[in-house]
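This explanation leads the reader through a structure by way of its aromatic rings, one of its helices and its salt bridges. Please keep the sequence and the model in view while reading.

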Amino acid sequence: MMESSDSNSVVSFGPFEVNFRTQEIRRHGTVVRLSGQPFQILEMLLARRGELVTREELQQLLWPGASLVDCTHGLNAAI
């Protein structure tokens, strides 16, 4: 179950708590290292919880204007 607080800047699910304002993730209170593109992907998935997010949407988030072929490997690595 997901819980939001602090005007949706903090989202909790399972043992995790994500603070979008500080871009910090905690698991059972311990900071988990995740930054850059992987964090952007997590943020999009949490914002659209329960919805289908396509590879094309993720590619547009990370590399606007690039072709999917150019980004396939990078997207796989970020995920």
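Rings of Phe, Tyr and Trp, the last represented by its six-membered ring, are taken to pair if their centres lie within 6.5 Å. The structure shown is a predicted model. A search of the whole structure for such contacts finds two aromatic pairs.

One of them is formed by F13 and F16, whose ring centres are 5.5 Å apart. The angle between their planes is 25°, and planes under 30 degrees apart count as stacked, so F13 and F16 form a stacked pair. With a relative accessible area of 23%, F13 is partly exposed. F16 is likewise partly exposed, at 26% relative accessibility.

The other pair consists of F20 and F39. Here the ring centres are 6.3 Å apart and the planes stand at 70°, so the arrangement is edge-to-face. This pair links distant parts of the chain, for its members are 19 residues apart. F20 belongs to the loop between strand 3 (16–19) and strand 4 (24–27), whereas F39 lies in helix 1, which spans residues 37–47. Are these two residues buried or exposed? Both F20 and F39 are buried.

Attention may now turn to helix 2, which comprises residues 55–62. Its buried residues are L58, Q59 and L62. They cover an arc of only 100° around the axis, and therefore lie on the same side of helix 2. The general geometry is relevant here: an α-helix has 3.6 residues a turn, so residues three or four places apart point the same way.

The charged side chains remain to be considered. For a salt bridge, a side-chain nitrogen of Lys or Arg must lie within 4 Å of a carboxyl oxygen of Asp or Glu. By this rule the structure contains three salt bridges.

One of the three connects R26 with E24, the closest N and O atoms being 3.1 Å apart. R26 has a relative accessible area of 29% and is thus partly exposed. E24 is also partly exposed, with a relative accessible area of 29%.

R48 takes part in a salt bridge with E51, in which the closest N and O atoms are 3.1 Å apart. R48 also forms a salt bridge with E57, where the corresponding separation is 3.0 Å. E57 counts as partly exposed, at 28% relative accessibility. Through these shared partners, R48, E51 and E57 are joined into one network.

Note on methods:
Residues numbered from 1 in each chain as written. Predicted model: local features only at pLDDT ≥ 70, side-chain atom pairs only at ≥ 80, totals over all residues. Heavy atoms only, no water. Phe/Tyr/Trp six-rings, centres within 6.5 Å; stacked < 30°, edge-to-face > 60°. Buried < 20%, exposed > 50% of the residue type's maximum accessible area, 1.4 Å probe, protein only. Helix = DSSP H or I, 4+ residues; strand = E, 2+ residues; numbered from the N terminus. Arc of directions from axis to C-beta.
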